[in-house]
Amino acid sequence: MPFARLANATTPTSHLGLGLAAVGRPGYINLGREEDLGEHRTVEALRARTHDLLNAAYAQGVRYFDAARSYGRSEEFLADWLKSHPDLDDIVVGSKWGYTYTADWTTDAEKHEVKDHSVQTYDRQRAETTDLLGNRLDLYQIHSVTPDSPALTDKQLHAKLAELAATGVTIGFSTSGPAQADAIRAALTVTVDGEPLFRTVQSTYNALETSAAPALAEAHDAGLTVIVKEGMANGRLAEPYAPDALKAVAEETSLGADAIALALILREPWAGVVLSGAATVGQLASNLHAAVVDLNDDQLARLGALSEDPHTYWDRRGQLPWH
C-alpha cells in the first residue's frame, strides 16, 4: 500500500496530511473564510495559494495530500504542483469521486455540489481524475458514504473499483453524517472475489464528534489505514470560535487551539493520517505543532467533556453557510 511510505517517514509531521477542500474553490463552509481568503478568490489566486500551502507542507514533513472532484479545481492545482516537482517520489496522493462540483466558481450558488454514487458517475469522474493526476494518483475514495449509499451494494461498481485496484491504486471511502459508524462497518463487509475491497477509510472525528471512534478502531484492526478529516470541525475548534475548555488548554501549553484539537486526534492509536484543512501558510504551521503536543490526564478529561451528540453536531454542521 502507498501508505507504507508514511510508515517509513521519520519526520514528526508524517502522520499529518493536507486536505485541499478549503482552497480548491472560492466557497466553503469553514468559519473565518472572509479573514483567511478575503475577496480575491480568482482561479489563479487560489492556484497560487494552494501551491504555497503544498510547498510549505512538504518542506515541513507532510507527505499526504488529499483532493476531490468536488473541491473545485483542487485536482488541477495539485496536478500542476506535482508536474513542477517530478522528483518527489515519497508522497501519497489521494482524491475522491462521488460529488460533482456545481458552483461554477461562485460563493452563492444554490447548490455547490451534487452527490451521485452511480457507476456512470464513477466512470466519468475517474476519467477526469486520470486526465489530471495520471499515475500520481495513489488512493481513490468514494466520497461521503452513508449507510444507505448504493455504493455499498452495487456489485458492478465494486467490480470496477477492483479493476482499478488491480492497477495499483488503493481503493477507499469517506463517511459523513451521524451514522458514520454504521457506514464504516457496512463497508468493512464489502468483498470482491473473497477479498476486502476497501483499504482506507476517511471519516470526521474531532473533539466535538467522537461517535465513529469504535468503528474506526475496528477498521484499523482490519488492516485499513484511517484518515481523519474535519479535525477542526470546520473552524469551530479554532480561534476565536473554540470552546473555552479548548482555549484554556491551549493557553496552558502556549500553543494554538488548532494544534491542541489535532493533537487530541493524533493520540488515537487507530489514526493513521490526520488532515489539516489550512487555508493559509500560517494556519498550516500552527496546525503542524500538533505533532509535538503532550497532553496530561486532566487536560484530556476536560477536552473529552466537549463531545456532542452526533445528531446535534451534524445538524449544526448542516446549517453552516457557504462563505
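Helices are DSSP runs of H or I with at least four residues, numbered from the N terminus. By that rule, α3 in this predicted model is followed by glycine 61. The phi of glycine 61 is positive, near 100°.

Helix α3 covers residues 43–59. Its 17 residues should span 24 Å, at 1.5 Å a residue. The end C-alpha atoms are 24 Å apart, so the expected and the computed span agree.

Many positions in α3 are listed as buried. Among them are Val43, Ala45, Leu46 and Arg47. Thr50, His51, Leu53 and Leu54 are buried too, as are Ala56, Ala57 and Tyr58. The cover over these buried residues includes two strands, β1 (16–19) and β2 (64–66). It also includes the helices α2 (33–37), α4 (74–83) and α11.

The packing of α3 against α4 was examined next. Their axes come within 9 Å and cross at roughly 55°. An angle of this kind lies outside the parallel, antiparallel and perpendicular ranges, and the two helices are therefore oblique to each other. The crossing is right-handed. On the α3 side, the contact is made by Val43, Leu46, Arg47, Thr50, His51, Leu54, Asn55 and Tyr58. On the α4 side, Glu76, Phe77, Leu78, Asp80 and Trp81 take part. By class, seven of the contact residues are nonpolar, three are polar and three are charged.

Helix α11, part of the cover of α3, spans residues 281–288 and holds serine 286. Leaving aside residues up to four places away in sequence, serine 286 touches Gly256, Asp258 and Ala259. Alanine 162 lies 124 residues from serine 286 along the chain, and their C-alpha atoms are separated by 39 Å.

Conventions
Residues are numbered from 1 along each chain as its sequence is written. This is a predicted model: local features need pLDDT of at least 70, side-chain atom pairs count only at pLDDT 80 or more; totals for chains, interfaces and linings use all residues. Side-chain values use heavy atoms; hydrogens and water are left out. Contact means heavy atoms within 4.5 Å. The expected span of a helix is 1.5 Å times one less than its number of residues. Buried means under 20% relative accessible area, exposed over 50%, partly exposed in between (1.4 Å probe, protein chains only). Axes are lines fitted to C-alpha atoms, for helices over the stretch in contact, and angles run from 0 to 180 degrees between N-to-C directions. Angles under 35 degrees count as roughly parallel, over 145 as roughly antiparallel, 65 to 115 as roughly perpendicular and the rest as oblique. A crossing is left-handed if the near helix is turned anticlockwise from the far one by less than a right angle, and right-handed if clockwise. Ala, Val, Leu, Ile, Met, Phe, Trp, Tyr, Cys and Pro count as nonpolar, Asp, Glu, Lys and Arg as charged, and the others, Gly among them, as polar.
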